[in-house]
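Here is a walk through one protein model, written for someone who would rather look at residues than at summary scores. Keep the viewer open as you read.

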Amino acid sequence: MLALTELGQRLRQERESKGLSLEDLQKLTKIQKRYLLGIEEGNYEVMPGKFYVRAFIKQYCEAIGLDTDAIFEEYKSDIPSTQTEDMPQQLSRVRSRKEIPQHTKGVSKAYDYLPTVLVVAGVVVVGIIIWVIAQNIVSDKNKEQANQEAPNSEVQQSNTQEETNETTAKNDNSNSEDEQSAADKKEQEKEKAEKEKAAKEKAEKEKAEKEKAGKEKKDSGKQEYKEVQKTGRSATYALSGTDAFNLEVTSTQADTWLDVKNGKGNAFFSSILKKGETKEFDLTKETEARVNIGYSPGVELKVNGKAVDLPFDSSKQVRQVVTIQYQPAEAQ
């Protein structure tokens, strides 16, 4: 294993103080674990290119809450400067006349006959054009003669067609008005039904909210949340005087590792809690819950909708473990 650089030691200590493993950091930064290990060991040769080193170090620092500019200035001797890599020169595709294969000389002879071929093709094309024009002239004369012989018939057909169109238009307008009236009535009935449904849903929602607010107020009035024990980074609390045990955990400043288990060690959640995300847990059926917070700054806890303080100062104790022992009111 390579000896750690001063920068690598600083980053590893900061990561471990936040309770993060390399796998957790890989999830946060999307950087492969072997590159993160290379940064900690100062083994930049494993990187895909030297220009990735500074970018990966910057993402590492941001993930664990360090000032990137300060780190780059303090450990600039450990961080390689960006270097541009030489681009391969393009090979010339031009070949000299001497490199042209000898078998292509025969092709040049065919070009000697090209003018004759072009002249013959031009004569054929001109002949086809003249024939097409002549056919169009004959067709136009025949159409003109047919029109002169039957003008009256066309006028009569035109008048009859106009009368038919007027009758059809009247019938279409009448049918259209009936259809529009039916459509309007159907639309009005639909709007009325939607309004009634919305009013009913609103009333049910308001009723449910009032019942929930009344229950929370009742529970919070007699609920007790007392500290039982503190040691190291762990603390134990007793929750009593309530028939509900609902826990909310919110991270407001940064992503953090969150692990919530019951007294038997069964996990309800064990993953990254992203910044701005809230997780809710109904633990009413449990007698004990253990909450392991990897990065506590900005983490808020609520028990049955009531905010409770973390046991330790987050600036001094980044990782904190809170155990809550629950005794329902009806069992007391």
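Leaving aside its neighbours within four places in sequence, which residues is Asn246 in contact with? The list is Phe281, Asp282, Thr284, Lys302, Val303 and Asn304, where contact means heavy atoms within 4.5 Å.

Before going further, a word on the ground rules. This is a predicted model, in which local features need pLDDT of at least 70 and side-chain atom pairs count only at pLDDT 80 or more, while totals for chains, interfaces and linings use all residues. Residues are numbered from 1 along each chain as its sequence is written, and side-chain values use heavy atoms, with hydrogens and water left out.

**Asn246 and Asn304**

Back to that contact list. Asn246 sits in strand E3 (residues 246–251), and Asn304 is in the loop between strand E8 (299–303) and strand E9 (306–308). Helices (H or I, at least four residues) and strands (E, at least two) are DSSP runs, numbered from the N terminus. The two asparagines are 58 residues apart in sequence, yet 4.8 Å apart in space, C-alpha to C-alpha. Asn246 is partly exposed, with 32% relative accessible area, whereas Asn304 is buried at 11%. For these labels, buried means under 20% relative accessible area, exposed over 50%, and partly exposed in between (1.4 Å probe, protein chains only).

Asn304 also has a backbone quirk: its phi is positive, about 55 degrees, although it is not a glycine. Lys30 is another non-glycine with a positive phi, near 65 degrees. That lysine is in the loop between H2 and H3 and is exposed, at 69% relative accessible area.

**The overall picture**

The protein has eight helices and ten strands. Of its 332 residues, 25% are buried. If you take contacts between residues at least 6 apart in sequence, 64% of them join residues at least 24 apart. The accessible surface comes to about 23,900 Å², and carbon and sulfur atoms account for 49% of it; these areas come from the Shrake-Rupley method with a 1.4 Å probe, and for residues only the protein chains shown count as cover.

**Helix H3**

Just past the Lys30 loop you can pick out helix H3 (residues 33–41). Its buried residues are Tyr35, Leu36, Gly38, Ile39, Glu40 and Glu41, and they pack against H1, helix H2 (22–29) and H4. Gly42 follows H3, with a positive phi near 70 degrees.

**Salt bridges**

Side chains of opposite charge can pair when their charged atoms come close. A salt bridge here is a side-chain nitrogen of Lys or Arg within 4 Å of a carboxyl oxygen of Asp or Glu, and the structure holds ten of them. Three are listed below.

| Salt bridge | N to O distance |
|---|---|
| Arg10 with Glu74 | 3.7 Å |
| Lys58 with Glu62 | 2.6 Å |
| Lys261 with Asp259 | 3.9 Å |

Asp259 is buried, at 7% relative accessibility, while its partner Lys261 is partly exposed at 29%. Elsewhere, salt bridges that share partners join Arg12, Arg15 and Glu40 into one network.

What does the bridge from Arg10 to Glu74 tie together? Arg10 lies in helix H1 (residues 6–17) and Glu74 in helix H5 (residues 68–74), so the pair links parts that are 64 residues apart in sequence. Arg10 is partly exposed, at 26% relative accessible area.

Lys58 and Glu62 are a local pair: they are four residues apart in helix H4 (residues 50–63), about one helical turn. Both are partly exposed, Lys58 at 38% and Glu62 at 46%.

**Patches on the surface**

Patches are made of residues with over 30% relative accessible area and no salt bridge; like charges are joined within 9 Å, and nonpolar side chains (Val, Leu, Ile, Met, Phe, Trp, Tyr) within 5 Å.

Asp184, Glu187, Glu191 and Glu194 gather in a patch of negative charge. Lys and Arg count as positive and Asp and Glu as negative, with His and the chain ends not counted. Asp184 is in helix H8 (residues 151–222) and is partly exposed at 36%.

The nonpolar patch is formed by Val124, Ile128 and Val132, with about 250 Å² of accessible area together. Val132 belongs to helix H7 (residues 114–149) and is partly exposed, at 37% relative accessibility.

Technical notes. Charge placed at Lys NZ, Arg CZ, Asp CG, Glu CD.
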